[in-house]
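Please look at the chain shown below and follow its charged side chains first, then its overall layout and its main pocket.

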Amino acid sequence: ADLRTRIMLEPGVCLLPAEVEVGCVEYKLKLIDPSASRLEQLVTQLKYRLAEGAGRATYLLGVRDDGTLHGLAPAEMDESVG
């Protein structure tokens, strides 16, 4: 799915297409302080997305699996990517 395809819910509010199980795009609300087992799941998921994208994966943070744009507070973004 083309990530530029969005559904306008109301002025200024967009919804991306729902995340699909195949492909190199992954939606995440945030990535903050995962447990060891959760980190293992995330690494496995990242490897899958990289394989699907021939070495490239795109993570969209602040997005629910259904495509709803939730957003992140600045501190949450820093923790997620730091």
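**Briefing: salt bridges, fold and pocket**

In this predicted model, the side chains of K28 and E26 form a salt bridge, with N and O 3.2 Å apart. The structure holds 3 salt bridges, and the points below take them in turn before moving on to the chain and its pocket.

**The K28 and E26 pair**

- K28 lies in strand β3, which covers residues 25–28.
- Is K28 buried or exposed? K28 counts as buried because its relative accessible area is 9%, and the limit for buried is under 20%.
- E26 is also a buried residue, with a relative accessible area of 1%.
- Leaving aside neighbours within four places in sequence, K28 is in contact with R38, L42, Q45, Y59, L60, L61, G62 and V63.

**The E26 and R49 pair**

- E26 forms a salt bridge with R49 as well, and the closest N and O atoms are 2.7 Å apart.
- This pair links distant parts of the chain, since E26 is in strand β3 and R49 is in helix α1, 23 residues apart.
- R49 counts as buried, because its relative accessibility is 3%.

**The E76 and K30 pair**

- Another salt bridge joins the side chains of E76 and K30, at 3.1 Å from N to O.
- Here too the pair links distant parts of the chain: E76 sits in helix α2 (residues 74–81), K30 sits in the loop between β3 and α1, and the two are 46 residues apart.
- Are E76 and K30 buried or partly exposed? E76 is partly exposed at 23% relative accessibility, and K30 is partly exposed at 42%.
- Both values fall between the limits, as buried means under 20% and exposed means over 50%.

**The network**

- Which residues are joined into one network by salt bridges that share partners? They are E26, K28 and R49.
- E26 is the shared partner, as E26 pairs with K28 and with R49.

**The chain as a whole**

- The protein chain has 2 helices and 4 strands.
- Read from the N terminus, the order of the elements is β-β-β-α-β-α.
- The chain has 82 residues, and 17% of them count as buried.
- How much of the contact set with a separation of 6 or more comes from residues 24 or more positions apart? Such residues account for 56% of those contacts.
- The accessible surface of the chain is about 5,700 Å². Carbon and sulfur atoms make up 57% of that surface.

**The largest pocket**

- The largest pocket holds about 150 Å³ of space.
- Which residues line the largest pocket? The lining consists of L31, P34, L39, L42, V43, L46, Y59 and L61.
- Two elements each give two or more residues to this lining, namely α1 (36–52) and β4 (58–61).
- Of the elements, α1 gives the most, with 4 residues.
- The lining has 8 nonpolar residues, no polar ones and no charged ones.
- Some names recur: L42, Y59 and L61 belong to the lining of the pocket, and L42, Y59 and L61 are also among the contacts of K28.

Technical notes
Residues numbered from 1 in each chain as written. Predicted model: local features only at pLDDT ≥ 70, side-chain atom pairs only at ≥ 80, totals over all residues. Heavy atoms only, no water. 1 Å grid on protein atoms, 1.4 Å probe; cavity = no way out; pocket = protein on both sides within 12 Å on 5 of 7 lines; lining within 4 Å. Points joined across faces, edges and corners; volume = space filled by probe spheres on them. Nonpolar A, V, L, I, M, F, W, Y, C, P; charged D, E, K, R; others polar. Buried < 20%, exposed > 50% of the residue type's maximum accessible area, 1.4 Å probe, protein only. Contact = heavy atoms within 4.5 Å. Areas by Shrake-Rupley, 256 points an atom, 1.4 Å probe, with all protein chains shown as cover. Salt bridge = Lys/Arg side-chain N within 4 Å of Asp/Glu carboxyl O.
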